[in-house]
Every structure is written in C-alpha cells, then in structure tokens.
Number of protein chains: 2
Amino acid sequence: MAGQPEHKTPGGSESPEIPGDAINVGLLGLGVVGGGVAATLLEQRDAIAARVGRPVNLKKALVRDAARARDAAIPTDLITTNPEEILADGDIRLVVEVIGGVSPATQYLKDALAGGKHVVTANKEVMAKHGPELLSLARQNRVNLLFEASVGGGIPIVGCLMKELQANQFRSIRSIINGTTNYILTRMANDHTDFHQALAEAQEQGYAEADPANDIEGIDAVYKLSILAGLAFHHRVAPEDIYRQGIAHLQPQDFRYASELGYAIKSLAIATLENEDIQARVYPALIPLGDMLAKVDGVYNAVEVEGGLCGRVLFHGRGAGRGPTTSAVVGDLLEIAAKLDSEPAPAPSAAPGAASPPERPWRIKSIDDLECKYFLRLNIADRPGVLAQIARILGEQNISIASVLQKDTNPAAQTAEIVITTHPARESSVQKSLELVANLEVVQEISSLLRIEE
Amino acid sequence: MAGQPEHKTPGGSESPEIPGDAINVGLLGLGVVGGGVAATLLEQRDAIAARVGRPVNLKKALVRDAARARDAAIPTDLITTNPEEILADGDIRLVVEVIGGVSPATQYLKDALAGGKHVVTANKEVMAKHGPELLSLARQNRVNLLFEASVGGGIPIVGCLMKELQANQFRSIRSIINGTTNYILTRMANDHTDFHQALAEAQEQGYAEADPANDIEGIDAVYKLSILAGLAFHHRVAPEDIYRQGIAHLQPQDFRYASELGYAIKSLAIATLENEDIQARVYPALIPLGDMLAKVDGVYNAVEVEGGLCGRVLFHGRGAGRGPTTSAVVGDLLEIAAKLDSEPAPAPSAAPGAASPPERPWRIKSIDDLECKYFLRLNIADRPGVLAQIARILGEQNISIASVLQKDTNPAAQTAEIVITTHPARESSVQKSLELVANLEVVQEISSLLRIEE
C-alpha cells in the first residue's frame, strides 16, 4: 500500500475516483509512533483510499505541548491540546491511541469506546491491566478495539492469535518480547561485557530509557505476556499472575558457563497451559543453543506459539521502533476502516471479538509448582568436602545433580566458583534447598539461580 | 477454541445457548486435510458455535469413492459423490475446497463463487494459475475467497500479507516453502547422504510422493511464490514468470564446500521488488550460515518478508500435514463465519478484498538480469595453467573471482575438482562465460552453478 508512487499534498482533498464519505480519524499522541502514523495517513492518502474503498482522513492529533517542534509535514491546524476535540467529535469514528501509560490513556480509551468510536491502541500497559474491561466496553458499544502494536512491534502475533491461528488450542507461548534486555544479553554473551556496560551502551543507542527499570526488571515483558496469554488461552492472566525476575544480577561468567554447557541465556516470557493449569513467567533462562530462540539477537523479538493443530509457529522481527509499531497500528486501522459501512454503529457480527468465546476454567499455577532443570552458580570455600555438603542438601530435597563445573579457583581467597545443573526439579524444593545451602559456612554466595528451558 | 473440554455428539443438534441460524458448510474433498477439517467441525462444534456466535454445521462432504473407508466419526449421511449436492444447495453458504489440482477444482470454485457462496481453498495450483480471475469473481458476487492453507501450512503468511502487515510496501520475500526439498537438503547437509538416498528416505517417511517431480523440481514452490508475490507486490507474478531450478543435480560435495565457505544450501523461493522491477526465482542457493533461513531444518518452512515499515519479519513453522493445514483452513472458515450476517449476500464492504487496491505498474524482470555472487564447481584436468584459462574467460565477461578452492584431486584420472566463488556478477554474463568454459578442452564438467544469496 505504501508503494503508490504518486501521492497528494498532505491534507489535500479527496481523490475524485474514490466513492464514499471519508472516515475521520483522531490521533491521541504525536510522539515517535504517532508521527509515523500521521505521516503514513497523510503521505499514503491515495493508496489508503484505494485499499479501503474511501478516504481515511486524519482530522485531529492530540499533543501535550502545541509549541513543540513537529514534523513539518503535519499541518498545524490538525493539532490540538484538548482531548475533547477528538473524543467528543461525532464525526470522528476511529481513534488511535499512542500516548502510552495508564493515565490519562485509559480514560481516553473508555470515552472513545463509550462514544461509539472504534479504537486502535499500542498501549500494552493499559491492555494488560484493563484489557478485559475495555474489550467488554467495545462489545457493548459494537465497536472494534484492536491492539496489534501492544506486543512485538512489527511481529503480527496479536492478530494471528485472534484470526489466522484461531482454530488452535494453544499449549504454550515462549517468547523474547523485550528488545532492550535482548540487546543487553546479546552484548554480554558475544562480547563479555558486564551488565552495566551493556546497559550504558543500550542507552547510548537509544534502545534503553534513562530509567531502564521497566525493561530490565521484566515489567514491560510481563504486560506483553499477559496480553498474549489472554489471547492464547482465553483466560485472563493478570500481570500480577506472572512470576518476574530481571536481568541485572547476571554476570559475564554465567554466559560463559552456559555456553560451555550448550546453552544461551535469554530473557524469556513463557506461558504454558497444561492440565487446565496456566503458568506464566518472565525471567532470564538457559535455552539450548540449537533452539531458534537462542538465535534471536540484538533488539529483535521472537514469539513461538504451540497450537494443537499448527504445531510450533515462530514469529521473528523488530519488536519496537517507529516503523514496526506504525506498521502494526496502521494495519489495525486499515482493517477496521475497510469494514466500516456508512452507518454510525456497525452490526455486532461485523465487529471482531463481538462473539468472544467464554472464559475458560483454567487455574493459575504459582511459580512454586514449576518443574524444570536448574543452573546454579555458587562461590564456595576451596576445600575438600564442600560439594558433598551441597549435594547432600539437594539430595534431601529430591533434587538430582546433572553436572558440576568447578572453575575460577581463587587461591589467595581460597574460594572457588562452581556451577551445578540439575535434572528436573520443583521450584519450591530448589528454593528451600538454596536457603539451606546459603546457610552453609563453606558457601560464600549463591551468585546465580537460572532455570533451564528445554 | 479447540480446547472446550466437553463436546456434543458429531452431527448433534444445535447448542441451545447459541442464538442464530446455523451456517451450513460444504466440504469438497475428504482426504487427509478434508478429514482434519471435518473432524474439527464435528468435534469442536460447541466451541466453534461459541466463537462464531452460531453453529457451523458440516452439511455435506464430497468424495470420489463413497465405498472407501473413512474416519468412523464422520456420519455416512454427510458423504456424497455428487458435487451438485454442495454446489447447487442454496442452504450451503460456505464451501471448503481441499481436493487439490486444477481440474475439477477450478470449476467447482467458480461454480461456488458464482452461486454466491463464500469459499476457503487450500489449492495452491489453482490460486497460482487462476487466482486473479477467482478473486475477481468473488468480488463480483460479494463473497470471500480465502486461501491461507495454499502456502506455508500452519504459517499464517497469507493472512498477514493481506491484513496485519497490509500497511507495508514489501521489497522482498525470501522463503523455504517446500518441506520435501528442505528435508532432502537437510539430510544431504547433515549426514552426507546423496540426493537419491535422501529422496528415498523422504518417500519412506511420507514426506515425498511416489512421483516427487512437483517438489524436487520446484514446481510446488513456484505456485506458492506466485501467490505470495502477488499479495506482497499487488502485481500478478504468474508461475511462468518465475525462474525455476530443481535440486536433483546437487551432490554431497556441494554441501561440504559451501559449509567450508560459511554457507548452507537451501532451496529458496525469492521475489524482490526493486525500482519497479519484480524478479522471482526458485532454486537451490547458498546462504550464510548465520542467516535465520539457514537454520530452517527438516520439513519446516520459513517465510521472511521485508516491508517498508515493519522491516524483516520471519515466520517459521510446519509447512504441510494434516494439523497445520487444518489450522489454516479452519482459521479462514471461522473468520468468514464470524462475519456472516443473516442476509444471503453480505455487503461489499464486509468482504475482505472487496476494495482491492489497483494492480501496480511493476515490470517482471528476467533471470538474465539477476545480479548476485555465484558458486561454481568444475571438474578440470589437473595440470598447470587450467585455472588461468578459466579466469581469463570470466574476466572477459567482467566476472571477478572472489575465492578458489581446489580439492579432491584424482591422480589416476589426472583430474581435479575446483570451486570458484565470484563477486556480484550478472546472470547472463555468467551463463555466457560458462558456455565458453565448458568448451575448454581442459574442462571435463561444470558440476554445479549455484547462486549465493546474501
């Protein structure tokens, strides 16, 4: 669509060949993504009109500070600082929200839906926290609420779970859905930089914010996993249902040991459905080097879903940035626009999600019940019998050791670093045994506890 | 959807909670995929009704031989050998075609569309050869024609090009879309088997047909690439516009040399749009080992599209088989069913593709104009000055040599095998120089000519 060679002046009049009234769009937010959406609507006006069947007209764009410099291509008369110029305008049938954050975005979305406007949002935090309520409001008002851009940027996973892959019952989602952490971990793995250096680089490159907590502590990934799990399992998985661990404690030697053992370390967002139990977690974990997810490098994202019919399907692409997010937002916008009829309220059957399946009877399982292999890195006193003491405690908790690496002996301090991998064990047993191990006089520090996801 | 624990007797009555008349479906073909579709519709009846908003009822299934043994779960009164019982039944609003082949499927599809029935097809050959005509017939009759299952099995690439990624102008498609050849090439690369042995194994495993020509000669991939390129570039790319080379001439040493040079060999289906020129080709080629496509093994498929906004997005999954193909067919079917209103003919705006963008002004470029690096394997006389003669001919055609490997000298026959890689060169120049090289008295055989896709 973006390929029409000729295009009209931004804000120009309707193409004469295109029948039908224009569809007026209100844009909430004109930052990086909002600018991309506005530019696409203005520059690709004719191509979009040809695709949709009538013009799609950017009527107003909400900004916080009207004085701030904008892309010169956006006419100033489109810009407003008053949300009511969009939310209360009966001629605007479709609202795009790219402000981010919970407030005031949530209220804007509610007002738009309650006012019978279709909505496209890129807001993962709002969809994770208030998605069910907003989707229900959309159904009541017989309008669409689409949110492809809320997860995975240019990766079309949201739409695929709702449409192309809807015939499947999904058993698992395994994903890398935070580009910032993946960039940091890739640097740490490939170039042996430490966490703080890799983070500083990510900030220089513009991949990490000045306050990086949302990314490196896994909060952003939790929001996204909450959205994906809800779509895949037809059951609410709230952010607080998801176990979360950040990446700041990882050290270069974790990557070195993992690699020796045949694994990469990636921050994974995983949700599984097994025997009516959903378990969801975001943490750095070891995955076999041969796994496709181990090959996802830098700021790229990947999502692998496993469905009853389709088997494992993996999506790989850019998870953030102006272009990919604009692709997702405009894709949603065109999908709604192409189906809008001339009536103000479309028939319920025309609204995707109108006939949403009922919530399933699944239970949310605690991280304590997780069963997987573990990777432990410990600093211990370098003397005989230490491993035996640790092994005894693990054995008493029914944890069987798979391998032991002893490295980096420090003769001056008389300490050594050991890495233990286990056979599948229960999280609660592992945690309990680690408490006991930490209390051993010969153990200086439990430096890492990572799960092995195979 | 497939997860509802309880389900009714196949063919049972409508769920009382679900309002609305049932949507009657006719199924053309009851082979592996047809059986999967029928089983899903019958076994997941309640879950589908909840999702769609009313029951989806499998009314008839066309078979060639009524006496053949079927899945016991399919009631015999649903089976017919007369296509008119589906095509002429006004109560059937949606037809699923999973027969395959051009005839009689094309006529059935035309009859169904002309009769105002929505159609879901898995037929790549028909969509590649007659897609534009059928889509136009669908638009005239204000019905949907969806064909997710025609390319990539469980990979939702068809729908994503039409919907989720529609905001993009695409610059390229690079794909592995024939699982049979990918299985054979994976075996040849990993286990040094020769082509005939790997093919025999693929046949034993059920991955290759008794007559494997369609797969190993690249015909199947040409059909699929024709469909994908048409969707991505909004321009017809007919099967005959696509350059095609099979894999039967590859030998184990090609994989060995490629690997030494840092490449894998994969049968790629590639289409590019550059400066208004489309170029499309299916052939075995070298790709860098670090490329995601190099990691696609066995019967898996992968499609990577590059869009102006989304950048590179890669899809990876199972490209064939009952489950993945059923996932695609039922996904299309549910998408249509969820939007069907009670009127026999839906409004044009409700039909995806109703406002199809106009065909673009692109030109189809011949393989002669391709420019890439090349990999040549030659058998030559093992004596001084031979390489100089070959290098002179290449130089006269403006082809610059990047590397030369000389291996596998056979002292008895006084021959040697050399592998030459070139810097980017024009296909027509390479072909012309190879004619001249082949005529050299010192050259016994040009064993391989492969392109390097980077």
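**Exercise 1. Where in helix 5 (residues 124-140) of chain B does the kink lie, and about how many degrees is it?**

Before we dig in, keep in mind that this is a predicted model.

Step 1: Follow helix 5 of chain B to His130(B), where there's a kink of about 85 degrees.
Step 2: Look just past that point and you'll find a proline, Pro132(B), as the kink lies shortly before it.
Step 3: Carry on past the helix to Arg142(B), which follows helix 5 and has a positive phi, near 55 degrees.

**Exercise 2. Work out which residues of helix 5 of chain B are buried, and what they pack against.**

Step 1: Begin at the start of the helix: Lys124(B), Glu125(B), Val126(B), Met127(B) and Ala128(B) are among the buried residues.
Step 2: Add Gly131(B), Leu134(B) and Ala138(B), which are buried as well.
Step 3: Recall that an α-helix has 3.6 residues a turn, so residues three or four places apart point the same way.
Step 4: Now find the partners. The buried residues of the helix pack against helix 4 (105-114) and helix 10 (219-233), along with strand 5 (118-121) and strand 6 (145-146), of chain B.

**Exercise 3. Describe the open sheet of chain B and say which strands stand at its edges.**

Step 1: Write down the strand order. Six strands line up as 3-2-1-4-5-6, with parallel pairing.
Step 2: Check the ends. Strand 3 (79-80) and strand 6 of chain B each have a single partner strand, so one side of each is left without a neighbour in the sheet.
Step 3: Zoom in on one pair. Strand 2 (residues 56-62) and strand 3 of chain B are joined in the parallel sense by two bridges, and Ala61(B) stands opposite Ile79(B) of strand 3.

**Exercise 4. Is Glu274(B) buried or exposed?**

Step 1: Place the residue: Glu274(B) sits in strand 9 (residues 263-274) of chain B.
Step 2: Count the surroundings. There are 11 other C-beta atoms within 10 Å of Glu274(B), and the cut-off for exposed is 12 or fewer.
Step 3: Conclude that Glu274(B) is exposed.
Step 4: For a sense of distance, try Thr106(B): C-alpha to C-alpha, Glu274(B) is 33 Å away from Thr106(B), with their positions 168 residues apart in sequence.

**Exercise 5. Work out how chains A and B are related, and what lies by the axis.**

Step 1: Superpose the copies. Chain B lands on chain A after a rotation of 180 degrees with 0.0 Å of shift along the axis, at an RMSD of 0.0 Å.
Step 2: The two copies are thus related as by a two-fold rotation axis.
Step 3: Look for the residue of chain B that comes closest to this axis. That's Phe315(B), with its C-alpha at 2.4 Å.
Step 4: See who faces Phe315(B): Phe315(A) stands opposite. Strand 12 (residues 311-318) of chain A runs antiparallel to strand 12 of chain B, and three bridges join them.

**Exercise 6. Take apart the side of chain B that touches chain A.**

Step 1: Get the totals: 55 residues of chain B are in contact with 54 residues of chain A.
Step 2: List the elements that each supply at least two residues on the chain B side: helix 2 (45-52), helix 6 (157-162), strand 12 (311-318) and helix 12 (322-339).
Step 3: Pick the top contributor, helix 12 of chain B, which gives ten residues.
Step 4: Sort by class: this side of chain B has 26 nonpolar, 18 polar and eleven charged residues.
Step 5: Compare the two sides. Of the interface residues of chain B, 98% are also interface residues in chain A, so the copies meet through the same surface.

Note on methods. Residues are numbered from 1 along each chain as its sequence is written. Chains are lettered from A and ligands numbered from 1 in the order in which they are written. This is a predicted model: local features need pLDDT of at least 70, side-chain atom pairs count only at pLDDT 80 or more; totals for chains, interfaces and linings use all residues. Helices (H or I, at least four residues) and strands (E, at least two) are DSSP runs, numbered from the N terminus. A residue is buried if 20 or more other C-beta atoms lie within 10 Å of its own, exposed if 12 or fewer, and partly exposed in between; C-beta atoms are placed from the backbone. Copies are superposed by least squares on the C-alpha atoms of residues with pLDDT of at least 70 in both. Two residues are in contact if their C-beta atoms, placed from the backbone, lie within 7 Å. Ala, Val, Leu, Ile, Met, Phe, Trp, Tyr, Cys and Pro count as nonpolar, Asp, Glu, Lys and Arg as charged, and the others, Gly among them, as polar. Two strands pair if DSSP finds at least two bridges between them. The bend at a residue is the angle between axes fitted to the seven residues ending there and the seven starting there.
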